[in-house]
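Notebook open, structure loaded. I want to look up how the strands pair and how a couple of helices pack.

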Amino acid sequence: MQNPFQSVAIVATPLHLRVQVELAKMLKARHGSQIHIFCLRAAHVATYAEAFGADVCDSITVAATVLLDEYPTGLDEQEVIARARAFEERFDAPMNSLVLQNRHHGRGFAPGGYFHPRSRHSETVSYVQMLEAYNRALSFWETSLVEKGITLLLWGYTESDLVAHALDIPVRVLCGGRFKTYWQWAEGMYDDAPA
């Protein structure tokens, strides 16, 4: 069995940064883990580089996100749809199952969320532009997880978790237990904990 701590990807988040840094230090010390940090904005790279430190962090990568500042235009609709269908087949998940989980691309869908303001993304991005954003994010995660030899993904999000599951990479995220101040390690994109 492969060592799950050999090459660990951590999607850095401000909310969990202190825990993430301490966990990365522990994994490096106890298991000699390679630690690969992913962040969502280029502006965050320096902050995370300082927080984790060069002695702990083996790489920092700006991850592809589905919420873009500018969405691509002039797309070949058939090509975008064909790539999306290929991802759906490869990862055994309809693209719309990903989209509905996103409050922007899900077009503001929220049961009981009457009169909740809709985002700029939900109002201005076409379906094909949205599909292309997901195509690019899924492609990024597939390439990154394979190239870095990731054996464990921590604090991922929907797109990264989907790809990791397809590649048989364990996924864990620290979630509030909703009881006192307890927390639990959940397994994947739905924050479930089968145990």
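I started with strands β4 (residues 152-154) and β5 (residues 171-176): they run parallel, and two bridges join them. This is a predicted model, so I'm reading everything below as computed. Next I checked who faces whom on that pair, and Leu153 stands opposite Val171 in β5.

Then I zoomed out to the sheet. What is the strand order? I get β3-β2-β1-β4-β5-β6, six strands in an open sheet. The pairing is mixed. I looked for the edges next: β3 (59-62) and β6 (183-186) each pair on one side only. I also pulled the twist, and from one strand to the next it averages 25 degrees.

On to the helices. I picked α6 (residues 127-147) and α7 (residues 158-166), whose axes come within 9 Å. The axes cross at roughly 50 degrees. Why do I log α6 as oblique to α7? Because angles from 35 to 65 degrees are neither roughly parallel nor roughly perpendicular, and the rest count as oblique. For handedness, I noted that α6 passes α7 in a right-handed crossing.

Last, I listed the residues at that contact. From α6 I have Tyr134, Ala137, Leu138, Trp141, Glu142 and Leu145. On the α7 side they meet Glu159, Ser160, Leu162, Val163 and Ala164. How do the residues of this contact divide by type? I logged eight nonpolar, one polar and two charged.

Conventions. Residues are numbered from 1 along each chain as its sequence is written. This is a predicted model: local features need pLDDT of at least 70, side-chain atom pairs count only at pLDDT 80 or more; totals for chains, interfaces and linings use all residues. Side-chain values use heavy atoms; hydrogens and water are left out. Two strands pair if DSSP finds at least two bridges between them. Helices (H or I, at least four residues) and strands (E, at least two) are DSSP runs, numbered from the N terminus. Axes are lines fitted to C-alpha atoms, for helices over the stretch in contact, and angles run from 0 to 180 degrees between N-to-C directions. Angles under 35 degrees count as roughly parallel, over 145 as roughly antiparallel, 65 to 115 as roughly perpendicular and the rest as oblique. A crossing is left-handed if the near helix is turned anticlockwise from the far one by less than a right angle, and right-handed if clockwise. Contact means heavy atoms within 4.5 Å. Ala, Val, Leu, Ile, Met, Phe, Trp, Tyr, Cys and Pro count as nonpolar, Asp, Glu, Lys and Arg as charged, and the others, Gly among them, as polar.
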